Amino acid sequence: MKRTTPVIFIACLLLLTGCGQSYEESKRQTKQQQKEKAKLDSAALKIAVMPTLDCLPLFVAQHLQLLDTLHGGVRLKFFAAQMDCDTALERNRVQGAATDLVRAKAMEKRGKQLRYVAATNAHWQLIANHNARIRQLKQLDDKMVAMTRFSATDMLTDRVTDSVKLDKDRVFKVQINDVAVRLLMLQNNEMDALWMPEPQATAARIMNHNIVYDTRKEDIRLGVLAFDEKEMQHPERSKQLELLTKAYNQACDSINKYGVKKYSALIVKHCKVKAAVANKLPENIKFEHAQGPREKDIALAERYMGNSKPKTQNSKNSKNK
């Protein structure tokens, strides 16, 4: 036993030494992997998206792996609120964002140069809580309306208020940036009326709440996919954008051919709604190829931003998830 003890000791020592080398090697590999990941993320074209149906072509393009061929790749960065998407774009955390023309014009007023790559099919419905017994716009008097400050929904609230000659001080704008929070507040009867995009608008309709206004009836199209103009002037970014546009158009073709219900699982996953909601979406939803917004929509947003005040008045406390 005395002769074998040193042998066992040496074997154990060698084993521990080997483990130590493996640990150090593992640490080096982890650091290298982190560096490689950071390098790839830096080279990738990053786009801020929301849990709304206007982003579906991007979700589909990712799902069909149409984005994998891009130089440096494309990363979709998911945010719960439109304001968070815009903040990420303004602070250069992403190069593009799904937004609306009103918010885009607000960013431009603050000095951000933008390129509008696509006009999305985003539209908004003003949903009235059935318990509030609002069936007409004039019944918004002394009611709370959930919206996002300096956005399409802010402008639309003023638009509908003016259309029925209501006193703006009698319609209370409440800033609720997160569309999921808006839907939850509707379920809990915490709000009189709310601006909803799809698929959240369908969820509200399923709960038998009332539609009192729809932007499609006035042919208002304010949704856009906007990119940082300075970034897009770099040759590599320009090539990425060209290939992204091709992938976006292919995704639109697939959705238009097979219908939005073909991608119900993606809608459930990324828009955070139930399958019953995804399956109840209107069948006539179509997506157009990437092209800039119409001049009349740009003019509408510019007029509003030109007349808007630095702070939204008669607004109650804001809330964001």
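Leu66 is partly exposed, with a relative accessible area of 22%, on a scale where buried means under 20%, exposed over 50% and partly exposed in between (1.4 Å probe, protein chains only). This residue sits in the loop between helix H2 (56-63) and strand S2 (74-78); helices (H or I, at least four residues) and strands (E, at least two) are DSSP runs, numbered from the N terminus. Please keep in mind that this is a predicted model, in which local features need pLDDT of at least 70 and side-chain atom pairs count only at pLDDT 80 or more, while totals for chains, interfaces and linings use all residues. Residues are numbered from 1 along each chain as its sequence is written, and side-chain values use heavy atoms, with hydrogens and water left out.

**Leu66 and the overall fold**

- Setting aside neighbours within four places in sequence, Leu66 is in contact with Ala61, Ala247, Gln250 and Ala251, where contact means heavy atoms within 4.5 Å.
- One of these partners, Gln250, is 184 residues from Leu66 in sequence, yet the two C-alpha atoms are 8.3 Å apart in space.
- Across the protein chain, 80% of the contacts between residues at least 6 apart in sequence join residues at least 24 apart.
- The protein chain has twelve helices and eleven strands, and buried residues make up 49% of its 321 residues.

**Cavities**

- Two cavities of 30 Å³ or more turn up in a search of the whole structure.
- Here is how they are defined: on a 1 Å grid over the protein atoms alone, a cavity is a set of points where a 1.4 Å probe fits but cannot get out, and lining residues have an atom within 4 Å of a point.
- Grid points are joined across faces, edges and corners, and a volume is the space filled by probe spheres set on the points.
- The largest cavity holds about 250 Å³ of space and has a lining of 22 residues, of which Thr52, Asp54, Ala122, Trp124 and Pro197 lie nearest its centre.
- Strand S3 (96-100), helix H5 (152-163) and helix H6 (179-187) each supply at least two residues of that lining, and S3 gives the most, with three residues.
- By residue class, the lining of the largest cavity has nine nonpolar, nine polar and four charged residues; Ala, Val, Leu, Ile, Met, Phe, Trp, Tyr, Cys and Pro count as nonpolar, Asp, Glu, Lys and Arg as charged, and the others, Gly among them, as polar.
- The second largest cavity holds about 40 Å³ of space, and its lining is made up of Asp54, Ala119, Thr120, Asn121, Arg221, Tyr248, Phe287 and Glu288.
- That second lining divides into three nonpolar, two polar and three charged residues.

**Salt bridges**

- The structure holds 19 salt bridges, each a side-chain nitrogen of Lys or Arg within 4 Å of a carboxyl oxygen of Asp or Glu.
- Lys105 pairs with Glu108, the closest N and O atoms being 3.0 Å apart; because they are three residues apart in helix H4 (residues 101-109), about one helical turn separates them.
- In this pair, Lys105 is buried at 10% relative accessible area, whereas Glu108 is partly exposed at 26%.
- Lys112 forms a salt bridge with Asp228, with 2.7 Å between the closest N and O atoms.
- Lys112 lies in the loop between H4 and strand S4 (114-119) and Asp228 in strand S10 (residues 223-228), so this pair ties together parts that are 116 residues apart in sequence.
- Lys112 counts as buried at 11% relative accessibility, and Asp228 counts as buried at 6%.
- Glu229 and Arg115 meet through their side chains in a salt bridge (3.0 Å, N to O).
- With Glu229 in helix H8 (residues 229-232) and Arg115 in strand S4, the pair ties together parts that are 114 residues apart in sequence.
- Glu229 counts as buried at 16% relative accessibility, while Arg115 counts as partly exposed at 28%.
- Asp219, Arg294, Lys296 and Asp297 are joined into one network by salt bridges that share partners.

**Cysteines**

- Zero disulfides are found in a search of the whole structure, a disulfide being a pair of cysteine sulfur atoms within 2.5 Å.
- For Cys85, the closest cysteine sulfur is in Cys55, 7.0 Å away and too far for a bond; Cys85 is buried, with a relative accessible area of 0%.
- For Cys271, the closest cysteine sulfur is also in Cys55, at 7.7 Å, too far for a bond; Cys271 is buried, with a relative accessible area of 3%.

Key:
1 Å grid on protein atoms, 1.4 Å probe; cavity = no way out; pocket = protein on both sides within 12 Å on 5 of 7 lines; lining within 4 Å.
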